[in-house]
Structure formats: C-alpha cells, structure tokens
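Below, terms used for a protein model are set against their definitions. Each answer gives the value and then the conclusion.

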Amino acid sequence: MLEVKDISARVAAATSPLRIVGGDTKRRYGHVDESLELLEMAGHAGILDYHPAELVVRVRAGTPVTELVDTLAKENQVLAFEPPVHGEASTIGGVISAGLSGSRRPYAGAARDHVLGAGVVLFDGEYREFGGQVMKNVAGYDVSRLICGAYGTLGVVADVSLKVLPAPEREVSLALEMPLIEAQSLVESLTRRVSPLSASAYAAGVLSLRLSGLESDVADEQLAIGGEIIDDVYWRQLDSLASFQGASQIWRLSTHALAPVEHDYDRMDWGFAQRWLVDPATAPTSSQGHWTCISNTSPSFGSMSLLEQKLHRNLKQVFDPNGIFNPGRLGEGVA
Amino acid sequence: MLHMTPEFLRALKRIASEVILEPERLAVYEADGLTAKKQRPGVVVIPETTGQVQRITALCHEHQVPLVARGAGTGLSGGAMPHHEGVLLVMAKFNQVLAVNERALTAVVQPGVTNLAITHAVEDIGLYYAPDPSSQIACTIGGNVAENSGGVHCLKYGLTVHNVKEIKVVLPDGELVTIGGPGFDTPGYDLLALMHGSEGMLGIVVEVTVQLLPQPPEVAVLMAAFSEVDQAANCVADIIASGVLPAGLEMMDKLAIEAAEAFIGAGYPTDAQALLLCELDGTSTGLQILIEKVLGVMRGSGAIDVQVATDAEQRAKLWQGRKAAFPAVGRIAPDYYCMDGTIPRRELSSVLSSISSLSNKYSLAVANVFHAGDGNLHPLILYDANDNDQLERAEAFGSAILQLCIDKGGTITGEHGVGVEKINEMCIQFDSLELEIFHGIKAAFDPVGILNPGKAVPTLSRCAEFGAMHVHVGEEKFPELDRF
Ligand SMILES: Cc1cc2nc3c(=O)[nH]c(=O)nc-3n(C[C@H](O)[C@H](O)[C@H](O)COP(=O)(O)OP(=O)(O)OC[C@H]3O[C@@H](n4cnc5c(N)ncnc54)[C@H](O)[C@@H]3O)c2cc1C
C-alpha cells in the first residue's frame, strides 16, 4: 500500500523528473520518456468514501477502473462519462489525468464534467485539495477540472471525487446497415430532439446506436428505429480501442458532428464528432478540428496557438516549477 | 501603484466614445447585487467592439491601472464592485446574438446578452439554453461564465461550465485568445473550465458559444408541502436515492413561503413549514412513470399536501413564487443578505436546524429558499442596513453559516462566487498552500495584476490578519499581486 505521505516523500526527494503511471496503459498518448524514474500509483488504491444517495464517490487514483465501475454497479449507479478501459490495469487516476471519456460523451458529458474535486501532490511534495464532494463549488479557481486531461504534467493526482448517476433502467444496442448520409441524418434527427440516444458509431457501412433510459422510452424508440439488436459489450470494446490493436499509429480527429468527411475513416463515433484513422499512409489533415496521434514512435496532440502555449508554460511553471512531473508529455514548448 | 493620469484618461477617450467621469453618473455603478459593499469607480468605460476592449485592456496594462469588468451587475458577492482608482468596463453594448446554428445546436453570443435572451432567440425552433439563474432576465452570459452560474435546472442539465463550448477572451495584456472549440475537446489543459468561475480575474470574455438543448416534450411540476422541515429535507435525499434525476428540486421554508404568497399568491399552503418544488421532464409515457414514482416518495416522506401541474400555465404559477422569492423577501425587510454555501444533501436537515439556532443567537430572521437537489443553500438574512449593529450582526451570522457549511464538508459558495464578500472565509476553506496555487494561476494570466484586484483570492497576509492562517509577513509567493 502506497500512502499519500509516501508519494509526498518521493516527490519532495526527487532530483530528476518522474514518470507517473497508473496501469501504464496509455503509454502511446503523448511523449513518454521511458528512461525516467517511475512513480507507480497502482499501490495507492481503494474507495475512500461512497454515499450512493449523494451521487458522489471519492476514490484513490490507483484504483482500477473496473473495480470502481463494479462497486458502483452494485448500487445500480454509473460513471456517466463511461471511462474507456484500455486494459485491466487501467486506473481511475489515469483516465482522469488523460481526460478520456467513452461512448456516452456527447450525451452525458466528459470526464471533466464529472470531476467534483481532487487531492494532488504538487512540486513541493505537499498534498493539496481542490474542489470537494459537493455538486456545486465555485470557491477558488477550478483546479480539479484543470488537472483532468493534464496527463500528470501539473502534479500527482492522489484521489478524485466524482459525480455518479443512477444507471439507466434499460439499455439496448442496435446495428443498422445504411449509407453514410442516411446514418448522419438519423443521428442528427435523434440529437435534435429529446431521445434516449446514448452512443453512436459508424464503421464499414454499419451504424450502431445505443438507447438508454426508461423502459418505455427505449422500447418506443427501438420500434421507431428498427435494426438488429447487438450486445452492449460492443461499446466497451469500441472505447478500449481493442479493434485498433497492433496498429502503429492511431489517428483521432476531434471535430464537430457536421464537419465534412474528408477521409475514409476506419470509424466515426460520438455522433460523428470523433473520427479514427488507423495507419494512414501520410499524416492526415483536416479543415476543422484537431488530430491526436496515438503511437509508440510518433505520438502527438493537436496543435495550439502561441498564446495558448504561453498560458500552458505559465501554468506548468506554477504547478511544477522544477519540471519533475512527466516533462514534455504534452509536447515540446507546452508542458 | 500608478494612478489614472490625465494622459491615461485622454488615451481612454480616444479609444471609446462612452467614457464616464461625472460623479453622479459614476454613482450608478457603485455596487453590484451585494449592495452592502460600495465603491465609486475611478472611471466607467462602455466599449462597443472587441478591438476597443483589447486597446483599453492594453492601456490599463501599460499604465498598471486596475480594470474591473461588469455585466449586468446582478452578482451577489461584489465581483463587479468597482475599484476607486480604476476602470470599470461595462459590457452592456455587447448585446447581440451573433449566430444560431440550428443543426449544431449552438449559439454564438456577445457577453452582454442576457441569459434569458439566448433562450428567447432560439425557442421558436424548439431549443433553449439550460442554465437558468433566478436573475436570468437581467444577468449576462459574460457574468454567468465569470461566476459559473447555476439555476433551477442545473441539477439535471449542469452549470454554465457544462453548457459552454467556446469563449473568446481578451487577456490582461490586450491579446485575444480563443478557448475551447466546436468539438468535444481541445488539446492541452482545460482552460475553458478554468475560465469558468474565475470572476473576471483572468481575462475579459468577449464572445461565448453556448450549447443549446432541444426542449423536453413534456414537463410537470410537483409541489409537496410538509409540516416539518426535517421531512422536506429527507424527502430531497429520498427522491435522489430513488434513482430519479429531476430537472429541478427546490425548497422553501415557512418565512419564504409566506413572503412569496403575500407577494404573488402562487397558491402555496401558508400553514406548511416547508415545501418542495420538483420539476420532471420527459416523453409523455415516461413522464407519467416519473410523476408516480416521485409522488410515492413525497407521500412516503410525510407530505401533507401534494399538487401536480402539467399544463404550462399551472407550472408557471407554481414556479412564480419560487422565482420571485428574493424580491418577495425583500418586501418584508429593509435589506436581505443572501448566502450561498453548499453541503452534502444528507446534512440538509441538520444544517437548516443549526441555521435556525444561529438566527436566534444573532436575533435576525432568516428565510431559506434554495436549490435543495444540489445541496446549494440560500439563507436570506433579514436586516436593516441603516442600523450598523444589524449590518454587523448580519455579516457575522453569514460568516457563521459559511463556517458551518465548511464543517459539514461543503463549500462557502456554490454559484455566487467569492468576490469581496467571502474573501475572509476563503482563508478557512483553503490553507496557504492552496491559496498560493490560486495566486500562481492568477499570475500565469495576469502577472501585473490589473484585473479585478483584491477579489476572489485573499492574500496570505489578509488571512493572517483575519486570524485564520499563520503566515509570516514577507513570505508571500506572489507579493506583486497585492500592489493595488
Ligand atoms: C435576484 C437574484 C437572483 C439570483 N439568482 C441566481 C441563481 O439562481 N444562480 C446563480 O448562479 N446566480 C444568481 N444570482 C447572481 C448573479 O445573477 C449571477 O452571478 C450572474 O451570473 C451575474 O451576471 P452579471 O451579468 O450581472 O454579472 P456582474 O454582476 O456584472 O459580474 C459578475 C462577475 O463577472 C465578471 N464579469 C462580468 N462580465 C464579464 C466579462 N464579459 N468578462 C469577464 N468577467 C466578467 C465581473 O467582473 C464580476 O466579477 C442572482 C442574483 C440576483 C440579484
């Protein structure tokens, strides 16, 4: 068992940069310096506080995502942003630090939208708490959301408080074979009104949809849409990127749903706002949105303006003046 | 610090046509919604374009003159209280809805557009903007971003931060930066989240792209009256625990009910000690199921009277009393002081009972009307500002409530912000290590410290003076921030 005081001691004593890892399942996201000394968070695990009626769980960062999800499931609750599980070892601290959300993202919000608070160990080895366990909190700057997606470049996330929600009464997943244009317009029409749509993906001429909600609402919508019922496990596999295993470069475009389809994508999900290309011949470009390359050899995040870069460097300087936390992970000149 | 020299004022007049210096016109801007804190601004400027905002900001930066942004001035924590030797930047002329993208479900608006005007601009096409502060007729989206405002519907649909996709911001040196974007994420740190609730301390918001939602097909409002405050408080927890997520779940206590009834006659039972208003939405079949479920919970919690309103007129009537509760309370006392602490829901009944004891201790009445589903309290302390002793007692009472919220694992502010009002209580909620980081964030955006100086984050020496923290003078990490 790794305690906060052990993490603090490691950080305070660090004379050279540390590579913070949970399950080390996201090595292909951003620049990872394998030669750095490891700070392994998996030992700092366990649920600290869980009151189902409060819809809040406070959990240590090293807790495996699957363990957390299973615990919530016993109370019929879920993490609505549907954390992607890139392997059994994947920890909640890793998911939050990477700011990753799953198939439900467009319909229920992102990981950051469910972060209520965080306990972090910063440059001096001191443990600090930001945010809290309540639903609304505007005291001080929103540091707990800032660390979500920072890839550990600001500090060590020791624990997080997350908003949880009741599990939907019923879920059904459907597959429909249809041309792209029809798929786009079906998804758009479902988004344009209140509907139980909770996931959508288009690949190889097949549109997959998931409906979640009250029994009767799901049944009505299912009847209207038709299609063939598929196993709900489809979405978990999709979010894990399992089907792209073995690729040397996975390119992800984050754009808006209506952006022109400029490539022969291997998959489009999040209501066409997230698009994937596996091992393209050349680095893809697009007129709208930004690309992330998930790769062992040539990872990259989307580019940002010079002003944004400056703000990133300034913030990095505040949280990590000695540059010990995952230096360079977000890219050179950024953080 | 540098003053507003004649040269500075001449340069300011060259940039913007509307520059106010006459004392009687400046007086209009002395305070925001927190009228107990007043400060005459040095000068008021009302710009019309982003270019002007950039030049004004750059000018203030160059001359090191404090700059405070103001939307509608409905803030309740003194966030828009002016600086007496600085510029008050009034965003009132940024009042255009620039574009509505019906297919993408977004609207691009200027920061001075009122919250309700956004919904008005899109309701004909079946859409709306979800966060709905009670002040929505008046407050601006720029102010909403700066405070991360909430409203009745935030229980289900989230706060401002959950409903904004992109903002354009003028940084303290006059540079314009776009934060966020049309997709679901952007590379790097979540600066969009950081800007929300930053109280005009990090940049001036000059454009906002909001997420719109389709209007729910069916809506119902349920009202339940209770003869015990405890029962109402427990009913809140029971509804949430039942797995239903209401669109809104609000509570009012006896004094608030009576004031609202006297003011507009919404039909609330005045013999009740507390009432709950619960809004549910969904499809027609779905809604019936939810109504039955919640009615069951309400009866099980001991409600003495329940009403269900499904048509628009009846619903509006039930909500009217809640929405007018603040002005209604304003009629029964010369002044009221609105608190904003947030607590875990399970502490509702114990905290309400402690507030009632504190009310006796400070000999001031208190009305409670608040976002119960979020655990976000709004005790309204009744007092008379002309009586200095009452004002002091009201402030001490408020501070005691905030201390109570922190003790129960909550926060001093759920949606109104820290401003100047809760600056001392920040020293209780955070220790010097955390405050140092806040000062660092401020300095990362605003190294000279021109934006809204003295607000939101207390200096460590202030905390030391307040007695909540031990700091040796001279140990501050970003001493330059205290220059004003
Ligand atoms: C009767 C009443 C009911 C209320 N109910 C609620 C409620 O239900 N929920 C809720 O959350 N709040 C509520 N409020 C508080 C208030 O309305 C909100 O905080 C609102 O967001 C303030 O908007 P404003 O335009 O009036 O901002 P102002 O009061 O003018 O300013 C607020 C802060 O925002 C900054 N600011 C304003 N514009 C900009 C800009 N363009 N760029 C950068 N910073 C800017 C200011 O410097 C200041 O710090 C209520 C207030 C009243 C009087």
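A salt bridge here is a side-chain nitrogen of Lys or Arg within 4 Å of a carboxyl oxygen of Asp or Glu. The model is predicted.

Q: Why is the pair Lys310(A) and Asp173(B) called a salt bridge?
A: The rule asks for a Lys or Arg side-chain nitrogen within 4 Å of a carboxyl oxygen of Asp or Glu. The side chains of Lys310(A) and Asp173(B) meet at 3.7 Å, N to O, so the pair satisfies the rule.

Q: How many salt bridges does the rule find across the interface of chain B and chain A?
A: The rule finds 9 salt bridges across this interface.

Q: How many residue pairs in polar contact does the rule find across the interface of chain B and chain A?
A: There are 24 such pairs, with both residues at pLDDT 80 or more. On the side of chain B that touches chain A, the elements giving two or more residues include strand S9 (176-180), helix H8 (229-241) and helix H16 (432-445) of chain B. H16(B) gives the most, with 10 residues. That side of chain B divides into 41 nonpolar, 25 polar and 16 charged residues.

Q: What makes a residue part of the contact between chain B and chain A, and how many residues does each chain give?
A: Contact means heavy atoms within 4.5 Å. The contact takes 82 residues from chain B and 69 residues from chain A.

Q: What is the area buried between chain B and chain A?
A: The buried area is about 6300 Å², and carbon and sulfur atoms give 63% of it. Phe184(B), Pro187(B) and Tyr189(B) supply 15% of the area that chain B buries against chain A, more than any other three residues.

Q: Why is the space of about 310 Å³ called a cavity?
A: A cavity is a set of points where a 1.4 Å probe fits but cannot get out, so the name says that the space is closed to that probe. The volume of about 310 Å³ belongs to the largest cavity, and the count comes to 8 cavities of 30 Å³ or more.

Q: What makes a residue part of the lining of the largest cavity, and which lie nearest its centre?
A: A lining residue has an atom within 4 Å of a point of the cavity. The largest cavity is lined by 25 residues, of which Ile20(A), Val21(A), Gly22(A), Gly94(A) and Ser97(A) lie nearest its centre. H3(A) gives the most to this lining, with 4 residues.

Q: How does the lining of the largest cavity divide by residue type?
A: The lining divides into 8 nonpolar, 12 polar and 5 charged residues.

Key: Residues numbered from 1 in each chain as written. Chains lettered and ligands numbered in written order. Predicted model: local features only at pLDDT ≥ 70, side-chain atom pairs only at ≥ 80, totals over all residues. Heavy atoms only, no water. 1 Å grid on protein atoms, 1.4 Å probe; cavity = no way out; pocket = protein on both sides within 12 Å on 5 of 7 lines; lining within 4 Å. Points joined across faces, edges and corners; volume = space filled by probe spheres on them. Nonpolar A, V, L, I, M, F, W, Y, C, P; charged D, E, K, R; others polar. Buried area = accessible area lost by both parts, 1.4 Å probe. Polar contact = N/O pair within 3.5 Å; in protein donor to acceptor, adjacent residues only side chain to side chain.
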